[in-house]
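Welcome, and please open your viewer. We will go from stop to stop, selecting a few residues each time and looking at what is there.

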Amino acid sequence: MLDRLLADFDERKPAALARAVSIVENHRDGFETLLGSFQPRLGRARRIGMTGPPGAGKSTLTTALAEAFRARGLTVGIIAVDPTSPFTGGALLGDRIRMERVALDDGVYIRSLATRGSLGGLSRATRETADVLDAYGFDRILIETVGVGQSELDVARTADTTLVVLVPESGDAIQTLKAGLMEIADIFAVNKADRPGADRMLNDIEVMLGMRSGMTRGELPAHHGVDLKSAELKRKLNPSRVAREAAADDSADQWTPPVLRTIATQGEGIPKLYEALDRHHRYLERSGVLHERRLQRMRERVIETTEHRISRRLWQDPETNSWLDAQLPALERGELTPFNVADALLARSGDLITRIDR
């Protein structure tokens, strides 16, 4: 069965792709064999994560970017992480509906994944689904998060490039300076930039970038005898301008995120966004950061898989659960602590944890 599926997959049959994604997403029998066969093919596609608060226009921007890639002859795989249906446990498919402009393009594949309780903005199967699309041969993989605000940071560990999409109403300067979501961006897009407040939002982000990286520190001369009217000093005292200039410097050793203005519904700003994505990828390759990120991604996958297997073996084992239930009275009386029980549990579960499944 799997041999036939892999043969059809190698022939780039769309039905085989859809079936492979379903097997991997739901961890059906054979999913590990499938992923293992795909491992040597990974690394060709560029993975671009798109995140930001709800209502920022991420789906529209994803569609516009997909159209830009297709105009240049590139194939695109889109993973749209949707909220989970409380009835079926599946994705609500809202993002897929909003991407109808590219849904019928043979060079575009859209897959909606449910969050299924994930607090990081991504489904647990998102990375594995991206691997399937990569192995299939897509040139670009766009990963759009569900939009849950500053908690959705998993995308930075999944993508090569992270695009944070904001709108003029995303918050005032204090919100902009917060850690979390704002710190994972490789590129910022202020979408719906025809709304009031767009210029202020762009400036706030650039000021934040200039202050956060300390661009103005150590560059200023001593205050005695300084000409406060000099153009050079004014430039150094303007963190937003310094950040803007640094973002445009292709030869810099450190990447400074560009802050771009877009109106996705009208296609405005998309060419500059496309160019910024290419520039960032060139930086990643030149600096070696791309290799480092992909190695880290593999390391995290091993850790994640190991933790999942240990957890499954422990809590699906009847003897382990019976033993744990027997410790609860002593815990309740204060004779044991959760730490004592955990240590004893690990000590008695060595064979269970280290066995090799066949």
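Start by selecting Arg4, which is exposed, with a relative accessible area of 55% (exposed means over 50% relative accessible area, buried under 20%, and partly exposed in between, with a 1.4 Å probe and protein chains only). Before going further, note that this is a predicted model, where local features need pLDDT of at least 70, side-chain atom pairs count only at pLDDT 80 or more, and totals for chains, interfaces and linings use all residues. Residues are numbered from 1 along each chain as its sequence is written, and side-chain values use heavy atoms, leaving out hydrogens and water.

**Stop 1: the salt bridges of helix 1**

Keep Arg4 selected and add Asp8: their side chains meet in a salt bridge, at 3.6 Å from N to O (a salt bridge is a side-chain nitrogen of Lys or Arg within 4 Å of a carboxyl oxygen of Asp or Glu). Both residues lie in helix 1 (residues 2-10), 4 residues apart, about one turn of the helix. Helices here are DSSP runs of H or I with at least four residues, strands are runs of E with at least two, and both are numbered from the N terminus. Is Asp8 buried or exposed? Asp8 counts as buried, at 15% relative accessibility. Now add Glu11 and Lys13, which are linked with Arg4 and Asp8 in a network of salt bridges.

Next, select Asp10 and Arg41. Their closest N and O atoms are 2.7 Å apart, and the two form a salt bridge. This pair links distant parts of the chain, since Asp10 is in helix 1 and Arg41 is in the loop between helix 3 (31-38) and strand 1, 31 residues apart. Asp10 is partly exposed at 46% relative accessible area, and Arg41 is partly exposed at 31%.

**Stop 2: a buried pair**

Select Asp131 and Arg47, another salt bridge, with the closest N and O atoms 2.7 Å apart. Asp131 lies in helix 7 (residues 126-136) and Arg47 in strand 1, so the pair ties together parts that are 84 residues apart in sequence. Both Asp131 and Arg47 are buried. By the rule given at the previous stop, the count comes to 25 salt bridges.

**Stop 3: the sheet**

Switch to a cartoon view and look for the open sheet: 7 strands in the order 3-2-4-1-5-6-7, with parallel pairing (two strands pair if DSSP finds at least two bridges between them). Strand 3 and strand 7 (259-261) are the edges, each pairing on one side only. On average, neighbouring strands of this sheet are turned by 20° against each other, direction ignored.

Now select strand 4 (residues 140-144), which runs parallel to strand 1 and is joined to it by 5 bridges. Ile48 has Leu142 as its bridge partner in strand 4, and Arg46 has Arg140. Strand 2 also pairs with strand 4 in the parallel sense, over 5 bridges, and here Ala80 stands opposite Glu144.

How many residues of strand 4 are buried? The count is 5 of the 5, so strand 4 is largely enclosed by the rest of the structure. Arg140, Leu142 and Glu144 are buried on one side, and Ile141 and Ile143 on the other.

Add helix 4, which packs on the sheet and touches strands including strand 1, strand 2 and strand 4. Its direction makes about 175° with that of strand 4. Contact means heavy atoms within 4.5 Å; axes are lines fitted to C-alpha atoms, for helices over the stretch in contact, and angles run from 0 to 180 degrees between N-to-C directions.

**Stop 4: the nonpolar cores**

Select Leu61, Leu65, Phe69, Ile78, Leu142, Leu163 and Ile187. Of the 35 residues in the largest nonpolar core, these touch the most other members (a nonpolar core is a set of buried Ala, Val, Leu, Ile, Met, Phe, Trp, Tyr and Cys residues joined through side-chain atoms within 4.5 Å). Elements giving two or more residues to this core include helix 4 (58-71), strand 2 (76-82) and helix 14 (289-315). Helix 13 gives the most, with 7 residues.

For a second, separate core of 27 residues, select members including Phe38, Tyr109, Val132 and Phe138.

**Last stop: a loop residue**

Finally, select His27, in the loop between helix 2 (14-25) and helix 3. His27 has a positive phi of about 50° although it is not a glycine.
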